[in-house]
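Let's take a friendly walk through one protein model, piece by piece. Please keep the sequence and the 3D view open as you read.

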Amino acid sequence: MKMYDISMSVYNGMAVWENLSGAQPKFTRSTNEHITTTNMDINLHTGTHIDAPLHMINDGETFKTIPLERLVGPVKVFDLTSVTDGISRTDLENLDIKQDDFILFKTKNSFHQTDTFDPNFIYLKEDGADFLVEQNINGVGIDTHGIERSQSKNPTHKKLFSNDIIIVEGLRLREITGKNYYMVAAPIKLTETEASLARVILFDNQPF
Ligand SMILES: [Zn+2]
């Protein structure tokens, strides 16, 4: 059995949304004799993370409504590295996407793994989100900071959230070449927030 860590490393100087310096994680280390402790100041959409509906819907649910059971299980990885700009309905219609699937999109983003944010990252277009809603999937993950850009009022996020589809962002899929894996996505157990940082691991077989 092989294991793949598809999470981003988190450090000051990493790639963050729009390269905003305020979005950089800050670590304040203090040492008292032999005891070192660190305070972390971090935006919850840093690196690999999972969104909750509150992120884009004012009265939306917080992170405590996302059960771990929905984040552990079989996953399908789709190679969409030929897509330029955004993933649309026509890119998805002929893929093996079924009800309750958890799917991950491997795109050109996976080949831009640097400390710099790419403002032209591949994203999921609104009509692609519509298609996923129609298929009634469980969740979707993408290999960059956000699942959406350049769409007024964020319809991709809103449609996925209002149809109970989980969004995982900031995956690292460059090394992933197959389609079927077993995923363990383990967010920090936050409750009142609109997102949580996560460690996401793929196994080539069910590990238990
Ligand atoms: Zn996010």
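How many bridges join S7 to S9, and do the two strands run parallel or antiparallel? There are 4 bridges between S7 and S9, and the strands run parallel.

## Before we start

This is a predicted model, in which local features need pLDDT of at least 70 and side-chain atom pairs count only at pLDDT 80 or more, while totals for chains, interfaces and linings use all residues. Residues are numbered from 1 along each chain as its sequence is written.

Helices and strands are DSSP runs numbered from the N terminus: helices are H or I with at least four residues, and strands are E with at least two. A residue is buried if 20 or more other C-beta atoms lie within 10 Å of its own, exposed if 12 or fewer, and partly exposed in between, with C-beta atoms placed from the backbone.

## Strand S7 and its partners

Strand S7 covers residues 102-106, and 5 of its 5 residues are buried. Phe102, Leu104 and Lys106 point one way from the strand, whereas Ile103 and Phe105 point the other way.

Two strands pair if DSSP finds at least two bridges between them. S7 pairs with strand S5 (residues 72-79) in the parallel sense over 4 bridges. Look for Phe105 in S7: this residue is the bridge partner of Phe78, and Phe105 also stands opposite Ile142 in S9.

## Strand S11, a strand with two faces

Which residues of strand S11 (residues 180-187) are buried, and which are not? Tyr181, Met183, Ala185 and Pro187 point to one face and are buried, while Asn180, Tyr182, Val184 and Ala186 point to the other and are not.

S11 pairs with S5 in the antiparallel sense over 5 bridges, and Val184 in S11 is the bridge partner of Val72. S11 also pairs with strand S12 (residues 195-203), again in the antiparallel sense, over 6 bridges. There, Tyr182 has Phe203 in S12 as its bridge partner.

## Helix H2

Now turn to helix H2, residues 126-135, where Gly128, Ala129, Phe131 and Leu132 are buried. These residues sit on the same side of H2, because they cover an arc of only 155 degrees around the axis. The arc is that of the directions from the helix axis to the C-beta atoms. A general rule helps here: an α-helix has 3.6 residues a turn, so residues three or four places apart point the same way.

What do the buried residues of H2 pack against? The list is strand S6 (86-87), helix H1 (89-92), strand S8 (123-124), strand S9 (139-142) and helix H3 (155-162). Two residues are in contact if their C-beta atoms, placed from the backbone, lie within 7 Å. After H2 comes Asn136, whose phi is positive, near 60 degrees.

## Helix H3 beside H2

H2 and H3 pack at an angle of about 10 degrees, with their axes 8 Å apart. That makes H2 roughly parallel to H3. Axes are lines fitted to C-alpha atoms, for helices over the stretch in contact, and angles run from 0 to 180 degrees between N-to-C directions; those under 35 degrees count as roughly parallel. In this contact, Glu126, Ala129, Asp130, Leu132 and Val133 in H2 meet Pro155, Thr156, Lys159 and Leu160 in H3.

In H3, Thr156, His157, Leu160 and Phe161 are buried. They line one face of the helix, because they fall within an arc of 120 degrees when seen down the axis of H3. S8, H2, S9 and strand S10 (166-169) are included in what covers them. Just after H3, Asp164 takes a positive phi of about 60 degrees.

## The loop between S9 and H3

His145 lies in the loop between S9 and H3. Why does His145 count as buried? This is because 24 other C-beta atoms lie within 10 Å. Leaving out residues up to four places away in sequence, His145 touches Trp17, Phe117, Glu169 and Gly170. The C-alpha atoms of His145 and Asn109 are separated by 9.6 Å, and the two residues are 36 residues apart along the chain.

Lys153 is found in the loop between S9 and H3, and so is Asn154. Neither is a glycine, yet Lys153 has a positive phi of about 65 degrees and Asn154 one of about 55 degrees. Lys153 counts as exposed, with 7 C-beta neighbours inside 10 Å, whereas Asn154 is partly exposed, with 18 other C-beta atoms within 10 Å.

Notes: Parallel < 35°, antiparallel > 145°, perpendicular 65-115°, else oblique.
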